[in-house]
Amino acid sequence: MKTADVTIVGGGMVGLACTCLLAREGFEVIVADAGPAASWDPADIPGRVSALNLATKRLLEHVGVWDAILEGRATPYRAMSVWDSDSGARIRFDAAEEGVPALGYIVENALVAVAMLERLRQNYRVGIHHEVPIDGMEPADGDADGVVRLRLRGGETIASRLVVAADGARSTLRALAGIGADEQDFHQDAVVATLETSRPHVQTAYQVFTPRGPIAMLPLQGNQCSLVWSRDRADDEDLLALDAAEFCGRLEGHFGSRLGSVGLVGDRLSFPLGSRHAESYLGNRLALVGDAAHTVHPLAGLGANLGMQDAAALVETVAAARDAGKGIGSHSVLRRYERWRRGENGIAINAMKGFKRVFGSTLEPVRHSREAAFRVADGVMPLKHWLAQYALGTRGDLPMACRPAIEEEIP
Ligand SMILES: Cc1cc2nc3c(=O)[nH]c(=O)nc-3n(C[C@H](O)[C@H](O)[C@H](O)COP(=O)(O)OP(=O)(O)OC[C@H]3O[C@@H](n4cnc5c(N)ncnc54)[C@H](O)[C@@H]3O)c2cc1C
């Protein structure tokens, strides 16, 4: 039987961030992931990417992997241009207006994972196990020193004082702990692809809201962009079935001519979209983080960013408990983490549901108020600044690892 202070189930971006933070605090950690280890090669066509905000950048700096990510491939975006296809009303956010060098960075998920795995292997004695799904959990006894036993497929067990469920939207651990979730299927899929554009993106992230779903074009290196095209599933047109020329033609029709003509680079992938919020972030010596705790519509690029803040808040809470001589898996300690993060994540989930409803509506009064809201948000500077701060991840009760370093300029 293996033993550790903390076992992280799930080695995605959030699970690995949690592992790096815990290892940095001196905890003994084991990570068990169902999938193979992430790999990344500069010659690869960029795969899945995320828009990472400044709070996440700071966390990645804090755990010592940001330089490796920059040396790999990361594209800063210095502006964000968002418009309503119906009315043409628009809002534009600018890094210069916010007093920051960039609003965020578009980074490949695999590169983030590889940078964290390298850091862990080179600097800490962390047990990292791949292709070992957890399929059983035996809760701890009531006493303060109790341990949870996890069963790996194949029969081996891991015993630890705290288990972190970072096993994604369809979390096995959430189900094993009997924690329900408030779920909503958006009846939409997001088609993701890398594109070459004939006009430069000028380090701007673009998003158009159409009645059938938002289309985002995120800047990559050179003249490449990452497309996230969210579409109602009931739509009679299967975007994956179209050939490359038809697909690009349809896209240009909906997105417009800002980036000129587009060409597909590599494959298209499709992801079902929904929203989910776990009814509790806690079980017996168990804490849920990232997509295991919440899933949001990708239209604001928030999911991974919120998950990173969960990881930082959990580790900060647990480290403070240890320093105060308290049990790291005790209910009162984990409850503090839940109180910190659940409300904040709930606001984001509800805001994204609201956006989706308002932008999907063709009702005349809703269309008018949508247009008015765009004009007000773009014209009233304090409101625009507030929205920008939210997108930057500089607003709210941030964990220490996500806050600016003393020497960093505070806008
Ligand atoms: C189209 C799209 C675009 C997005 N764009 C953005 C964006 O721009 N910015 C942003 O912040 N977010 C974005 N997101 C959201 C973001 O991708 C997720 O929030 C984030 O990847 C969640 O990370 P995670 O580590 O919590 O979960 P996951 O990445 O799902 O990782 C879960 C891990 O758990 C492992 N696992 C599963 N079951 C088990 C088990 N039983 N035992 C052991 N291991 C297990 C899996 O192998 C996996 O490695 C987007 C999402 C989509 C769908």
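This briefing walks through salt bridges, a cavity, a surface patch and a few single residues in the structure above. The model is predicted, so please read it with that in mind. It has 14 salt bridges and one cavity of 30 Å³ or more. A nonpolar patch of about 390 Å² also lies on the surface.

**A network of salt bridges**

- Side chains of opposite charge can pair when their charged atoms come close.
- Glu25, Arg322 and Asp323 are joined in a network of such bridges.
- In one link of this network, glutamate 25 pairs with arginine 322, and their closest N and O atoms are 3.3 Å apart.
- Glutamate 25 sits in the loop between α1 (13–24) and β2, while arginine 322 belongs to helix α8 (residues 303–323), so this pair ties together parts that are 297 residues apart in sequence.
- Arginine 322 also meets aspartate 323 in a salt bridge, with an N to O distance of 3.0 Å.
- How open to the surroundings are these residues? Glutamate 25 is partly exposed because its relative accessibility is 32%, between the cut-offs of 20% and 50%.
- Arginine 322 is partly exposed as well, with a relative accessible area of 30%.
- Aspartate 323 has a relative accessible area of 59%, so it counts as exposed.

**A buried salt bridge**

- The side chains of arginine 73 and glutamate 108 form a salt bridge, at 2.8 Å from N to O.
- Arginine 73 is in the loop between α3 (66–72) and β4, and glutamate 108 is in strand β7, so the pair ties together parts that are 35 residues apart in sequence.
- Are these two partners buried or exposed? Arginine 73 counts as buried because its relative accessibility is 14%, under the 20% cut-off.
- Glutamate 108 has a relative accessibility of 6%, so it is buried too.

**The cavity**

- The largest cavity holds about 40 Å³ of space.
- Its lining is made by Pro46, Val49, Arg73, Ala74, Thr75, Ile106, Glu108, Leu220 and Gln221.
- Two elements, β4 (74–77) and β7 (104–108), each give two or more residues to that lining.
- What kinds of residues line the cavity? Five of them are nonpolar, two are polar and two are charged.
- Arg73 and Glu108, the salt-bridge partners described above, are both among the lining residues.

**The nonpolar surface patch**

- Val376, Val380, Leu383, Trp386 and Leu387 make up the patch.
- Which helix gives the most to the patch? Helix α11 (residues 381–392) does, with three residues.
- Leucine 387 lies in helix α11, and it counts as partly exposed because its relative accessibility is 30%.

**Two residues to find in the viewer**

- Valine 262 lies in strand β16, which covers residues 262–278.
- With a relative accessibility of 12%, valine 262 counts as buried.
- The C-alpha atoms of valine 262 and histidine 130 are separated by 38 Å, and these residues are 132 residues apart along the chain.
- Glycine 47 belongs to the loop between β2 (29–32) and β3 (49–52).
- At 38% relative accessibility, glycine 47 is partly exposed.
- From glycine 47 to valine 366, 319 residues apart along the chain, the C-alpha atoms are separated by 36 Å.

Note on methods
Residues are numbered from 1 along each chain as its sequence is written. This is a predicted model: local features need pLDDT of at least 70, side-chain atom pairs count only at pLDDT 80 or more; totals for chains, interfaces and linings use all residues. Side-chain values use heavy atoms; hydrogens and water are left out. Patches are made of residues with over 30% relative accessible area and no salt bridge: like charges are joined within 9 Å, nonpolar side chains (Val, Leu, Ile, Met, Phe, Trp, Tyr) within 5 Å. Accessible areas come from the Shrake-Rupley method with a 1.4 Å probe; for residues, only the protein chains shown count as cover. A salt bridge is a side-chain nitrogen of Lys or Arg within 4 Å of a carboxyl oxygen of Asp or Glu. Helices (H or I, at least four residues) and strands (E, at least two) are DSSP runs, numbered from the N terminus. Buried means under 20% relative accessible area, exposed over 50%, partly exposed in between (1.4 Å probe, protein chains only). On a 1 Å grid over the protein atoms alone, a cavity is a set of points where a 1.4 Å probe fits but cannot get out, and a pocket is an open set with protein on both sides within 12 Å along at least five of seven lines; lining residues have an atom within 4 Å of a point. Grid points are joined across faces, edges and corners, and a volume is the space filled by probe spheres set on the points. Ala, Val, Leu, Ile, Met, Phe, Trp, Tyr, Cys and Pro count as nonpolar, Asp, Glu, Lys and Arg as charged, and the others, Gly among them, as polar.
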